[in-house]
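Hi,

Here is the structure I promised to pass on. Have a look at it first, and then read my notes below.

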Amino acid sequence: MKNYELWPDDRGAHVNAHGGCILKRDGLYYWYGEHKIEGREGNYAWKGVHVYSSPDLRSWKDEGLAFDLSGGDVPELVPGQCIVERPKVLFCAKTGKFVLWFHVERSRRYSDAALGVAIAD
């Protein structure tokens with residue numbers, strides 16, 4: 001695999017983790033990024049933050065959505081109407097929790113300039 005090639009995941013789909021970060025934890029790398037759809041509508045958040053795992057930074061396993069907008073858990077973030085960008089994840093040793101930070105806009109206008117935070121085990 002070369003940098004200019006499309007990287008497939010374990011299901012043969014292209015890795016879909018844009019503007020994100022890689023976190024190493026317990027011998028695995030985790031790649032978190034924006035889940036995008038094709039075309040101009042891909043600038044808006046339809047799914048959330050995707051995560052993949054890898055033992056070697058070459059083969060990637062699709063672990064699903066680390067932050068899923070479709071469940072309605074955050075009513076202010078409506079899929080297709082909000083923007084979720086540049087997600088970053090860190091592990092807080094003090095609390096034992098993972099913290100997801102991201103730029104968020106509740107509408108398509110870029111007028112909030114807000115920070116979103118999600119915490120998980």
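Before the notes, one cut-off you will need: a residue counts as buried under 20% relative accessible area, as exposed over 50%, and as partly exposed in between. Also keep in mind that this is a predicted model.

Let's start on the outside. Trp-101 has a relative accessible area of 35%, so it falls in the partly exposed class. You'll find Trp-101 in strand S6, which covers residues 97-105. Trp-101 also helps to make a nonpolar surface patch of about 480 Å², together with Leu-90, Leu-115, Val-117 and Ile-119. Which strand gives the most to that patch? That would be strand S7 (residues 114-120), with 3 residues.

Next, the rings. I found 4 aromatic pairs in the structure. One of them joins Trp-7 and Trp-31: the ring centres are 5.8 Å apart and the planes sit at 80°, and since planes over 60 degrees apart count as edge-to-face, that is what this pair is. Trp-7 belongs to the segment before strand S1 (18-25), while Trp-31 is in strand S2 (residues 28-34), so the pair links distant parts of the chain, 24 residues apart. The two partners fall on either side of the 20% cut-off: Trp-7 is partly exposed because its relative accessibility is 22%, whereas Trp-31, at 17%, is buried. Trp-60 comes in here as well, as ring pairs link Trp-7, Trp-31 and Trp-60 into a cluster.

Two arginines are also worth finding on your screen. The charged end of Arg-25 sits over the ring of Phe-91, 3.7 Å from the ring centre. Arg-108 lies over the face of Tyr-44, with 3.7 Å to the centre of that ring.

Last, the cysteines. A disulfide is a covalent bond between the sulfur atoms of two cysteines. How many disulfides does the structure hold? The count is 0. Cys-21 is in no disulfide, and the nearest cysteine sulfur to it belongs to Cys-92, 15 Å away. Why is there no bond from Cys-92 to Cys-21? Because the sulfur of Cys-21, the closest one to that of Cys-92, is 15 Å off, which is too far for a bond. As for their surroundings, Cys-21 is buried because its relative accessibility is 14%, and Cys-92 is partly exposed because its relative accessible area is 24%.

Over to you, and happy browsing!

How values were computed:
Residues are numbered from 1 along each chain as its sequence is written. This is a predicted model: local features need pLDDT of at least 70, side-chain atom pairs count only at pLDDT 80 or more; totals for chains, interfaces and linings use all residues. Side-chain values use heavy atoms; hydrogens and water are left out. Patches are made of residues with over 30% relative accessible area and no salt bridge: like charges are joined within 9 Å, nonpolar side chains (Val, Leu, Ile, Met, Phe, Trp, Tyr) within 5 Å. Accessible areas come from the Shrake-Rupley method with a 1.4 Å probe; for residues, only the protein chains shown count as cover. A salt bridge is a side-chain nitrogen of Lys or Arg within 4 Å of a carboxyl oxygen of Asp or Glu. Helices (H or I, at least four residues) and strands (E, at least two) are DSSP runs, numbered from the N terminus. Buried means under 20% relative accessible area, exposed over 50%, partly exposed in between (1.4 Å probe, protein chains only). Rings of Phe, Tyr and Trp (its six-membered ring) pair if their centres lie within 6.5 Å; planes under 30 degrees apart count as stacked, over 60 as edge-to-face and the rest as tilted. A charge sits over a ring if NZ of Lys or CZ of Arg is within 6 Å of the ring centre and within 35 degrees of the ring normal. A disulfide is a pair of cysteine sulfur atoms within 2.5 Å.
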